[in-house]
Amino acid sequence: MRHFYLAAALISLPCAATAQDTLFDIPEAEQLTFADVGIAAVSRETYVGSGNSDVSVLPFVNAQYKGRYFINPGLGAGAYAIRNESFRLAGSVHYSLGRDGEDTPFADEAFDVDGGFSANLSSRIYTPLAAVDIVASAPLSGDLDGFRVDSLITTQFYAFNNALRITPGVRATYHSDAFLDSLYGISSEQIASVTVPENPNLVETQFDSEISTLGAHVAAYYDLNDDFQLIGIVNYSRLIGDANDSPLAPKNDGITAAVAIARTF
């Protein structure tokens, strides 16, 4: 089975650099091609703070072509401009889920948020102990506005003779005012169109840009054999700051859990 680059980058001793002509050339050692394809069951809060959850069955794809082009659940589909043993820079497009107004405390379609495609610019720096990721995302379609920036620190370790790889980490998310208003704000137009406009919680609500979410995550990858891998992921998110007081967030946290089985090609 192929070796995971992240594992080598985080726990291996420094090695001689592979020759490359420019910063944008990918060293030969990084020119990996593979495809992990399978199916996943995902249980998630319909949005952080909603208090409602659902379960979805989704395709799982984690693929890469010659170290340059990729598809994965975290970043979507894109390409690396820079990829070497210490730094990565990539651009990608992914689909951002929206929200059903029925899942809000007001259970009204006035609070529907249509999902859409978003553009990402992501960077990763490798240190001896962890990988540091910065991911900026801006919606291209749908009802989400503004932008968000996620900062993540993730490390990893192995168990069961390297058959099990575990990658825990922490995260902080900065949302622009428009992004927060899309999910947690209440506009005068929404108040005017809801079924029960006299609800005392329906007051116009807007937000300033802020770090609004903190989180922790862990993923585990277990090699069943040379071809199949079992994957489990748990992600915890907690609202902080002004967004925590939104009438649309009866809870201040949420959990996403997923399990997948994938075949390596």
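1. Two strands are said to pair if DSSP finds at least two bridges between them. With that in mind, and remembering throughout that this is a predicted model, one can begin at strand S3, where Tyr69 has Tyr65 standing opposite. The strand that partners S3 here is S2 (residues 53–65), and the two run in the antiparallel sense, joined over 3 bridges. The hairpin of S2 and S3 has 3 residues between the strands, and in this hairpin Lys66 takes a positive phi near 50 degrees.

2. Strand S3 also pairs with strand S4 (residues 76–83), again in the antiparallel sense, and here the pairing extends over 4 bridges. S3 and S4 form a hairpin as well, with 3 residues between them, and Tyr69 stands opposite Ala79 in S4. Tyr69 is therefore a useful residue to find in the viewer, since it faces Tyr65 as well as Ala79 across a pairing that meets the requirement of at least two bridges.

3. Which residues of strand S3 lie on its covered face, and which on its uncovered one? Strand S3 (residues 69–72) has Phe70 and Asn72 on the covered face, while Tyr69 and Ile71 belong to the uncovered face. For Ile71, which is found in strand S3, the relative accessible area is 41%, and because buried means under 20% and exposed means over 50%, Ile71 is described as partly exposed.

4. The surroundings of Ile71 can be described further. Leaving aside its neighbours within four places in sequence, Ile71 is in contact with Val61, Asn62, Ala63, Gly76 and Ala77. A separate distance to check in the viewer is the one to Asp36, which is 35 residues away from Ile71 in sequence but has its C-alpha 9.9 Å from that of Ile71 in space.

5. The next topic is the aromatic rings. A pair of aromatic rings is described by the distance of the centres and the angle of the planes. The structure has 5 aromatic pairs. One of them is formed by Tyr95 and Phe117, whose centres are 5.3 Å apart and whose planes make 80 degrees, an edge-to-face arrangement. Tyr95 belongs to strand S5 (residues 87–96) and Phe117 to strand S6 (residues 116–126), so this pair ties together parts that are 22 residues apart in sequence. Tyr95 is partly exposed at 46% relative accessibility, and Phe117 is likewise partly exposed, with a relative accessible area of 46%.

6. Another pair is that of Phe147 and Tyr174, with ring centres 6.1 Å apart and planes at 35 degrees, so the arrangement counts as tilted. Phe147 lies in the loop between strand S7 (131–139) and strand S8 (148–154), and Tyr174 in strand S10 (residues 164–175), so that the pair links distant parts of the chain, 27 residues apart. Phe147 has a relative accessibility of 36% and counts as partly exposed, and Tyr174, at 31%, is partly exposed too.

7. Rings also lie beneath charged side chains in this model. Arg83 lies over the face of Tyr80, at 5.0 Å from the ring centre. In the case of Arg99, the charged end sits over the ring of Tyr47, 5.0 Å from the centre of that ring.

8. Is Ser96 buried or exposed? Ser96, which lies in strand S5, has a relative accessible area of 13% and is buried, because the limit for that word is under 20%. The side chain of Ser96 makes a polar contact of 3.2 Å with that of His94, and another, of 2.9 Å, with the side chain of Ser118. When residues up to four places away in sequence are not counted, Ser96 touches Gly115, Gly116, Ser118 and Leu144, so Ser118 appears both in this list of contacts, for which heavy atoms lie within 4.5 Å, and as a polar partner.

9. Finally, the protein as a whole. The secondary structure comes to 3 helices and 13 strands. The radius of gyration is 20 Å, close to the 18 Å that the globule rule gives for 265 residues, so the protein is as compact as a globular protein of that length. Taken along the principal axes, the C-alpha atoms fill a box of roughly 70 × 40 × 30 Å. Of the 265 residues, 41% count as buried, and among contacts between residues at least 6 apart in sequence, 58% join residues at least 24 apart.

How values were computed
Residues are numbered from 1 along each chain as its sequence is written. Side-chain values use heavy atoms; hydrogens and water are left out. Rings of Phe, Tyr and Trp (its six-membered ring) pair if their centres lie within 6.5 Å; planes under 30 degrees apart count as stacked, over 60 as edge-to-face and the rest as tilted. Buried means under 20% relative accessible area, exposed over 50%, partly exposed in between (1.4 Å probe, protein chains only). A charge sits over a ring if NZ of Lys or CZ of Arg is within 6 Å of the ring centre and within 35 degrees of the ring normal. A polar contact is a pair of N or O atoms within 3.5 Å; within protein, one must be able to donate a hydrogen and the other to accept it, and residues adjacent in sequence count only if both atoms are side-chain atoms. The radius of gyration is taken over C-alpha atoms; the globule rule is 2.2 Å times the number of residues to the power 0.38.
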